[in-house]
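Work through the exercises below with the sequence and the model open. Try each task before you read its solution.

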Amino acid sequence: MDNLTIAGCLEALHRGLPPGVTLLAVSKGHPPEAVEQAYAAGQRHFGESRLQEAGAKIRALRQRCPDLEWHFIGHLQANKVRPVARAFAWIHSLDRLSLIQRLDRIAGEEERCPQVFLQVKLRPDPGKAGFSSEQLTRHLPTLNHLSHLKLRGLMTMAPLGLEPDQLHRLFSDCRQLAHQLRARLPSAMARDFNQLSMGMSRDWPQAVAAGSTFVRIGNAVFGSR
Ligand SMILES: *Cc1c(COP(=O)(O)O)cnc(C)c1O
């Protein structure tokens with residue numbers, strides 16, 4: 001895709017997004033040049049799901065795109081926690097307690113304080129990870145004691161094949177769950193727990209209608225991978 005097209009896609013998306021919703025441009029599968037074009041058009045938040053691919057882009061763009069913020073959105077393996085904590089200011093895909101505890105410890109060692117989302121799975125979806133609402137409730141005492149992570153909210157992905165009204169219900173359920181959790185967090189943490197990472201190219205309108213504040217969009221910005 002050429003420069004104008006990426007800028008044009010971003011502009012069209014921004015016209016559809018209400019204030020307070022951040023567009024996260026998912027650049028996985030696209031070269032650093034595509035990221036740079038989006039950056040030149042004013043885009044600042046970028047999402048990547050594979051550490052190795054992201055690392056090369058982050059190094060390539062560090063000088064030219066100084067205030068770019070990288071978000072990790074992919075499945076995070078325990079042995080990749082340290083490099084991810086070093087390279088990413090945001091992590092959207094914390095899907096198990098052992099991973100959260102490990103990240104908290106390593107972030108402390110690395111003197112980082114990543115902004116993180118808890119990934120939830122509210123509908124059956126084989127092969128996808130995520131906490132159930134019961135698990136999150138059970139883990140709350142542990143979450144209350146995290147010291148090097150800034151918990152920003154919940155992230156979810158919709159299974160394929162849902163109708164628009166089912167998507168809206170799913171995203172609304174996620175918002176309600178976030179609301180319930182927030183009410184049970186200590187007030188200093190509750191203040192930051194005010195974001196929802198929901199919606200991709202195919203379902204962002206339903207996610208935004210249900211209260212999303214971060215839409216993670218790849219294809220609709222950069223073209224299909
Ligand atoms: C790839 C990916 C996206 C973006 O998907 P598109 O269909 O390209 O918009 C969003 N979230 C996650 C977790 C992804 O892996």
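**Exercise 1: The buried side of helix 3**

Helix 3 covers residues 51-61, and its buried residues are Ala54, Gly55, Lys57, Ile58 and Leu61. Keep in mind that this is a predicted model.

Task: State which elements the buried residues of helix 3 pack against. Then classify Ala56 as buried, partly exposed or exposed.

Solution.
- Step 1. Start with the partners. The buried residues of helix 3 pack against helix 2, strand 2 (45-48), strand 3 (69-72) and helix 4 (81-87).
- Step 2. Recall the helix geometry. An α-helix has 3.6 residues a turn, so residues three or four places apart point the same way.
- Step 3. Go back to the list. Ala54, Lys57, Ile58 and Leu61 are among the buried residues of helix 3.
- Step 4. Now take Ala56, which is found in helix 3. Its relative accessible area is 40%. Partly exposed runs between the 20% and 50% cut-offs, so Ala56 is partly exposed.
- Step 5. Place Ala56 in space. Ala56 and Pro32 are 24 residues apart in sequence, and their C-alpha atoms are 8.5 Å apart.

**Exercise 2: The loop after strand 1**

Task: Locate Ser27 and His30. Which residues does each one contact?

Solution.
- Step 1. Find the loop. It runs between strand 1 (22-26) and helix 2 (32-40), and His30 is found there. Ser27 is also in the loop between strand 1 and helix 2.
- Step 2. Check burial. Buried means under 20% relative accessible area. Ser27 is at 0%, so Ser27 counts as buried. His30 is at 10%, so His30 counts as buried too.
- Step 3. List the contacts of Ser27, leaving aside neighbours within four places in sequence. They are Val35, Phe46, Gly47, Glu48, Glu53, Lys57, Trp70 and Phe222.
- Step 4. Do the same for His30. Its contacts are Glu53, Lys57, Phe222, Gly223, Ser224 and Arg225.
- Step 5. Compare the lists. Glu53, Lys57 and Phe222 appear in both. Lys57 is also one of the buried residues of helix 3.

**Exercise 3: Two buried helix residues**

Task: For Ala38 and Phe171, name the helix, the burial and the contacts.

Solution.
- Step 1. Ala38 lies in helix 2. Its relative accessible area is 0%, so Ala38 is buried.
- Step 2. Leave aside neighbours within four places in sequence. Ala38 is then in contact with Ile6, Leu10, Gln43, Phe46 and Phe222.
- Step 3. Set Ala38 against Lys57. They are 19 residues apart in sequence and 14 Å apart in space, C-alpha to C-alpha.
- Step 4. Phe171 lies in helix 7, residues 164-183. At 0% relative accessibility, Phe171 counts as buried.
- Step 5. Not counting residues up to four places away, Phe171 touches Thr156, Ala158, Met198, Gly199, Asp203, Gln206, Ala207 and Ala210.
- Step 6. Take Gln206 from that list. Phe171 and Gln206 are 35 residues apart in sequence, with C-alpha atoms 7.5 Å apart.

**Exercise 4: Backbone and cysteines**

Task: What is the phi of Glu111? How many disulfides does the structure hold?

Solution.
- Step 1. Glu111 is found in the loop between helix 5 (97-109) and strand 5 (115-120). With a relative accessible area of 74%, Glu111 is exposed.
- Step 2. Phi of Glu111 is near 55°, a positive value in a residue other than glycine. Most residues other than glycine have a negative phi.
- Step 3. The structure holds 0 disulfides.
- Step 4. Cys113 is partly exposed at 47% relative accessible area. Cys174 is buried at 0%.

**Exercise 5: The whole chain**

Task: Is the protein as compact as a globular protein of its length, or less so?

Solution.
- Step 1. Count the elements. There are 10 helices and 8 strands.
- Step 2. Apply the globule rule. The radius of gyration is 17 Å, close to the 17 Å the rule gives for 225 residues, so the protein is as compact as a globular protein of that length.
- Step 3. Add the extent. The C-alpha trace spans about 50 × 45 × 30 Å along its principal axes.
- Step 4. Add burial. Of the 225 residues, 48% count as buried.
- Step 5. Turn to the contacts between residues at least 6 apart in sequence. Of these, 63% join residues at least 24 apart.
- Step 6. Finish with the surface. The protein exposes about 10,600 Å², and carbon and sulfur atoms supply 50% of it.

Notes: Residues numbered from 1 in each chain as written. Predicted model: local features only at pLDDT ≥ 70, side-chain atom pairs only at ≥ 80, totals over all residues. Heavy atoms only, no water. Helix = DSSP H or I, 4+ residues; strand = E, 2+ residues; numbered from the N terminus. Rg over C-alpha atoms; globule rule 2.2 N^0.38 Å. Buried < 20%, exposed > 50% of the residue type's maximum accessible area, 1.4 Å probe, protein only. Contact = heavy atoms within 4.5 Å. Areas by Shrake-Rupley, 256 points an atom, 1.4 Å probe, with all protein chains shown as cover. Disulfide = S-S within 2.5 Å.
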